[in-house]
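This report introduces a structure to a reader who meets it here for the first time. Please look over the sequence and the model before reading on.

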Amino acid sequence: MSRYTTLVISIFLLLVSLVLPLGLVFKLPLIGFFGCLSALGLYDMTQRRHAVLRNYPILGHIRYFFEMIRPEIRQYLIEDDQDEVPFSRDARAVVYQRAKNVEDKRAFGTKMAVYSSGYQWLTHSIKPKHIEDTDFRIDIGGPDCKQPYNASIYNISAMSFGALSANAILALNKGAKIGGFAHDTGEGGLSRYHREGGGDLIFEIGTGYFGCRDDDGNFSPEKFTKVAAEDQVKMIEIKLSQGAKPGQGGVLPAAKITPEIAEARGIPMGKTCRSPASHSAFDTPLEMMAFIKHLRELSHGKPIGFKLCIGHRREFMCIARAMLETDITPDFIVIDGKEGGTGAAPLEFANHMGMPLVEGLTFAHNTLRGVGLRDRISLGASGKLIHAFDIARTLALGADWCNSARGFMFAIGCIQAQACHTNHCPTGVTTQDPWRQNALDPESKAQRVANFHRNSLKALGDMTGAAGLDHPGKFLPHHLMMREKDRDMVTGQQVYPYMPEGFLLREEDDRFGYLSRWRRSSSASFEPFDDGV
Ligand SMILES: Cc1cc2nc3c(=O)[nH]c(=O)nc-3n(C[C@H](O)[C@H](O)[C@H](O)COP(=O)(O)O)c2cc1C
């Protein structure tokens with residue numbers, strides 16, 4: 001509990017200065033100083049707005065002091081540039097402002113190097129539109145779905161109870177309830193805190209089948225049917241992989257397993273909990289389609305989908321081929337970019353495994369167009385989508401909606417301390433330590449979650465209207481421009497074109513290597529039948 005040391009010392013010194021045999025002239029300033037410091041510390045511990053101050057009374061003010069004088073002393077500081085942290089300070093600042101519902105505009109124009117390679121922008125219109133209602137939504141549910149879900153185009157991405165604290169889950173779900181958008185449970189099962197929040201849920205089934213598993217850790221249709229029947233559960237998502245650690249199972253150390261986590265996951269206490277790297281409920285693309293059909297029956301027709309980070313592109317085509325052969329299609333697919341986040345992952349995986357979002361999304365979108373199934377399946381996307389430009393670009397490249405995990409973590413107070421795997425999160429977001437998570441006040445943070453969502457869609461509405469469109473779903477690759485090699489300007493249509501509908505079925509157009517992979521795909525196995533990938 002070293003984080004309370006400063007407060008304990010100041011209270012001790014206050015008591016000492018009270019009993020010290022000194023003249024009042026000396027005593028009063030001491031009592032005054034340590035009295036104020038102790039009062040400040042006690043106030044910090046009891047206030048509900050700032051989690052850092054609740055966890056680091058008195059000490060936490062140093063952080064805010066430096067934040068306050070940062071603009072003035074920036075040139076003297078070692079700046080945390082892009083390479084140092086996943087999200088720059090400026091990028092996070094906009095999220096904090098939108099969460100707090102305060103002014104999020106910037107003065108003096110862009111800081112971006114608009115003439116350097118990689119700079120991207122959206123084209124605007126001379127005839128812009130004003131969009132009043134920015135609660136943009138889409139219907140998710142294909143031809144076999146009996147209970148389509150009317151979803152916001154921006155939702156909370158999967159983060160499990162276990163990776164996140166109970167208070168974080170509660171704040172996120174209450175925020176989703178206030179804002180009318182969805183909250184993905186992550187692979188850790190559906191907890192009492194999800195239920196308490198009352199917000200719409202996407203129930204995620206990972207390789208550990210937490211929340212719907214039998215005693216041997218395999219999928220339990222009975223337990224699944226019970227969870228899927230809950231009214232809060234609007235969609236079911238099979239997790240194949242996440243961008244930050246594709247092909248890696250999950251590990252929750254025994255020390256982090258609380259009775260509530262054990263209850264939500266359906267696992268024993270005191271034993272490290274491992275989720276395998278791959279599913280046991282299916283082994284081939286055809287079996288995966290059968291599993292999707294099974295889940296749809298057990299859930300009485302709720303939308304069923306899967307989430308993955310694109311690895312071997314041929315494997316995704318194997319799934320598409322199985323869809324064609326079985327005429328079973330998921331209602332949605334979520335593409336996660338390699339740039340996505342996680343509570344914990346080996347560096348090599350976090351840095352060099354899995355396909356970045358832009359390429360993964362374009363590939364999946366075009367493969368589904370290629371087999372003529374794109375209209376039956378909604379495409380979601382996630383991977384560093386915290387600003388309206390990120391969302392607009394992703395919709396232009398083929399997504400129907402976007403999810404964010406760390407954007408909403410910032411909204412509930414995450415300061416990117418990157419201590420998620422230590423259980424010592426300073427803001428109570430990714431810890432099971434009851435003291436630390438107590439610093440996160442679900443009521444006030446829930447409102448910030450809803451604010452962030454609403455203000456992000458408002459910013460998206462402004463960009464959509466400026467482009468002369470009336471819904472962000474109408475952004476297309478030609479609205480996106482980018483600079484290549486410090487001079488050339490290219491459009492998204494040139495770099496990430498929508499391939500023609502049915503081009504794979506007609507075996508035409510082998511641009512970008514789609515056709516050669518399609519010819520090497522099989523619905524009977526994910527294994528390659530030659531030495532290629
Ligand atoms: C703390 C944390 C826990 C996560 N847990 C899960 C999980 O249980 N299941 C999953 O599919 N993805 C999980 N993810 C990945 C996110 O859902 C998301 O796909 C990824 O972080 C990209 O979004 P972002 O850039 O907005 O964070 C987790 C991410 C974080 C940061």
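The paragraphs below describe the ligand and its surroundings, then the domains.

**The ligand and its surroundings**

The model is predicted. In it, 22 residues surround the ligand. Ser157, Ala158, Gly341, Lys384 and Arg406 are the closest of these. Sorted by class, the shell around the ligand consists of 11 polar, 7 charged and 4 nonpolar residues.

The table lists distances from an oxygen atom of the ligand to an N or O atom of the protein.

| Residue | Part of the residue | Distance to a ligand oxygen atom |
|---|---|---|
| Lys307 | side chain, N or O atom | 2.7 Å |
| Asp336 | side chain, N or O atom | 2.9 Å |
| Gly341 | backbone, N or O atom | 2.7 Å |

On its own, the ligand has 610 Å² of accessible area, and the protein covers 98% of this.

**The domains**

The domain assignment divides the protein into domain 1, residues 2–77, and domain 2, residues 137–520. Between the C-alpha centres of domain 1 and domain 2 the distance is 43 Å. Domain 1 contributes 10 residues to the contact, and domain 2 contributes 15 residues.

How much area do domain 1 and domain 2 bury between them? The value is about 1,100 Å², of which 42% is on carbon and sulfur atoms. Across the interface of domain 1 and domain 2, 5 residue pairs are in polar contact, with both residues at pLDDT 80 or more. The count of salt bridges between domain 1 and domain 2, by contrast, is 0.

Technical notes. Residues are numbered from 1 along each chain as its sequence is written. This is a predicted model: local features need pLDDT of at least 70, side-chain atom pairs count only at pLDDT 80 or more; totals for chains, interfaces and linings use all residues. Side-chain values use heavy atoms; hydrogens and water are left out. A residue is near a molecule or strand if one of its heavy atoms lies within 4 Å of it. A polar contact is a pair of N or O atoms within 3.5 Å; within protein, one must be able to donate a hydrogen and the other to accept it, and residues adjacent in sequence count only if both atoms are side-chain atoms. Accessible areas come from the Shrake-Rupley method with a 1.4 Å probe; for residues, only the protein chains shown count as cover. Ala, Val, Leu, Ile, Met, Phe, Trp, Tyr, Cys and Pro count as nonpolar, Asp, Glu, Lys and Arg as charged, and the others, Gly among them, as polar. Domain bounds come from an automatic or database domain assignment. Contact means heavy atoms within 4.5 Å. Buried area is the accessible area (1.4 Å probe) that two parts lose on being put together, summed over both. A salt bridge is a side-chain nitrogen of Lys or Arg within 4 Å of a carboxyl oxygen of Asp or Glu.
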